[in-house]
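I opened this notebook page to record what I looked up about one helix pair and one pocket. The entries follow the order in which I went through them.

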Amino acid sequence: MLAAAQTVADLARSVAPETEAGRALAPELLDLLRSERMFGLGVPRSLGGTERPPGETLAVAETIARGDASAGWCVSIAATSGLLGAYLPAAGAEEVFGDPRTVAAGVWAPRGRAVDVDGGVVVSGQWSFCSGIGHASWLFAGFVDPAGALKVAALPKSSLEVLDTWHTTGLRGTGSHDSVARDVFVPASRILSVVDGPPPDAPALYRFPVFGFFALSVAAAALGNAFGALDDFVELAVGRSPMGSSRTLAERSSTQAAVAEASASLRAARALFYSAVDEAWEAAQGGSVSVSARVALRLAATHATRTARSVVSSLYDLSGGGAIYDGAAIQRRFRDAHTATAHFQVNLASYELPGKVLLGLPAQTGQL
C-alpha cells in the first residue's frame, strides 16, 4: 500500500495546481485513487474493503499528503467513513458498501433532526465540511433522533442538495461543500450510533477509538503537508539566491539551522504520533482501549497538526518574496497547514479534554 501511495503522491504533486483551481481532486488523480482502492482502507473486508491497520492507513494518507494535502486529506477522511461499515446493520452496510467503488463522506456532528416514521426516520438538516462529497456517493450525516439520542444516518448523495460553499483559504481541493437533506427517509438499516460503538464481535480495527481515528486522520494529512513543504523548501533553497547575495538560501547558516530544526520537530511529532497509534492498536487487538491510551491519541494528533503548522510557517517566512505569488507551492502548503489547524478535532480547545484527564478532573471521555 505504501508503494502505491507513493505513486499516487507523485501524481498528486504534479496536478496539485489543477486540484486547487478546480476545488476538487483532479480527474486523473481521482481515477488512480479509485483504481488503487485508496478510498476503501477503513471498509470491512466482509464488504469488499481492505480493512488496513490504523498505522498503515494513516501512513498512506500522510504519504499522499506529502504530494498534496487535499489528496491525503480525502483519503484519510474516506477511511474514517469506511469504518462505519462495521457499525451499520448488515443490510445497510451491504447497501452502502456493496459496490466496491463506493466512497462515503461523513459529518457526524448532529446537524440534522429526525421524526419517526414506519420503518425508520425522516431526516432534514444541513451539514458543513463534507470533505470529498464531490466524488462520494454516500454521506454519513449526524442527527438527533426524536428521543434526543445522537445518531448517524447513511444518506445517498442523490437524495441531497450539495451547495457550492467551499471557497476557502486552504485545502481547496477537498471540495468540502455543505450538503442539505430535506425530508429524506432513512430506513432503520442505515442508522447507527458512533457513541454506542460497533457490535461486540467487531474486528479489532473497529474497536480502535473512532473519534481518535478521526483526529488522527486530520493530523496525518497535516504531517504529510509539512514534510512536503520541507521538500519544496529544500528544492527552492538550493536554486534561489536572495536579491543582492551571491550565496543561495541553502548556503546561509541561518537557513541550515532552520531546516535542521524543522526536520527535527516534524520527526519528533511523527514519532509521538505513531507511538500513540501503535499503543492503541495493540490494546484494540486485545480488547478495549484504555482512557489513557485514548488521551495519548488525541494529544498526538493535536500536537502533530499544530507542530506541522509551525514548521510550514517558518519555512514560508524563510522563502522570502517568491512565496507570496499565486502558484508558489510553499504558499499553498502554508494555507493548507493553517486550514488544517482550524478543524475542531485539532484546534487549541482540543487540548482541554485531555488536560482534564491528565489533571484528574471530572471529564466526559466518551468521545476520546
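The entries below deal with a helix packing and then with a pocket, and I keep in mind throughout that the model is predicted.

Entry 1, the helix pair. I looked up how helix α4, residues 54–67, lies against helix α5, residues 69–83, and found that their axes come within 6 Å and cross at roughly 160 degrees. Since angles over 145 degrees count as roughly antiparallel, that crossing makes α4 roughly antiparallel to α5. I also noted the hand of the crossing of α4 and α5, which is right-handed.

Entry 2, the residues between them. On the α4 side I listed Thr57, Val60, Ala61, Ile64 and Ala65, and on the α5 side Ala69, Ala71, Gly72, Val75, Ser76 and Ala79, as the residues that make the contact. Sorted by class, the contact of α4 with α5 holds eight nonpolar and three polar residues, and no charged ones.

Entry 3, the largest pocket. I recorded a space of about 880 Å³ for the largest pocket, and 39 residues in its lining, with Ala109, Phe214, His343, Phe344 and Gln345 lying nearest its centre.

Entry 4, what supplies the lining. Helix α5 comes up again here, for it is listed with β1 (104–117), β2 (120–127), β3 (138–144), β4 (150–156), α7 (210–239) and α11 (352–358) as each supplying at least two residues of the lining of the largest pocket. Strand β1 gives the most to that lining, with six residues. By class, I entered the lining of the largest pocket as 23 nonpolar, 13 polar and three charged residues.

Technical notes: Residues numbered from 1 in each chain as written. Predicted model: local features only at pLDDT ≥ 70, side-chain atom pairs only at ≥ 80, totals over all residues. Heavy atoms only, no water. Axes fitted to C-alpha atoms, helices over the stretch in contact; angles between N-to-C directions. Helix = DSSP H or I, 4+ residues; strand = E, 2+ residues; numbered from the N terminus. Parallel < 35°, antiparallel > 145°, perpendicular 65-115°, else oblique. Left-handed = near helix turned anticlockwise from the far one by under 90°. Contact = heavy atoms within 4.5 Å. Nonpolar A, V, L, I, M, F, W, Y, C, P; charged D, E, K, R; others polar. 1 Å grid on protein atoms, 1.4 Å probe; cavity = no way out; pocket = protein on both sides within 12 Å on 5 of 7 lines; lining within 4 Å. Points joined across faces, edges and corners; volume = space filled by probe spheres on them.
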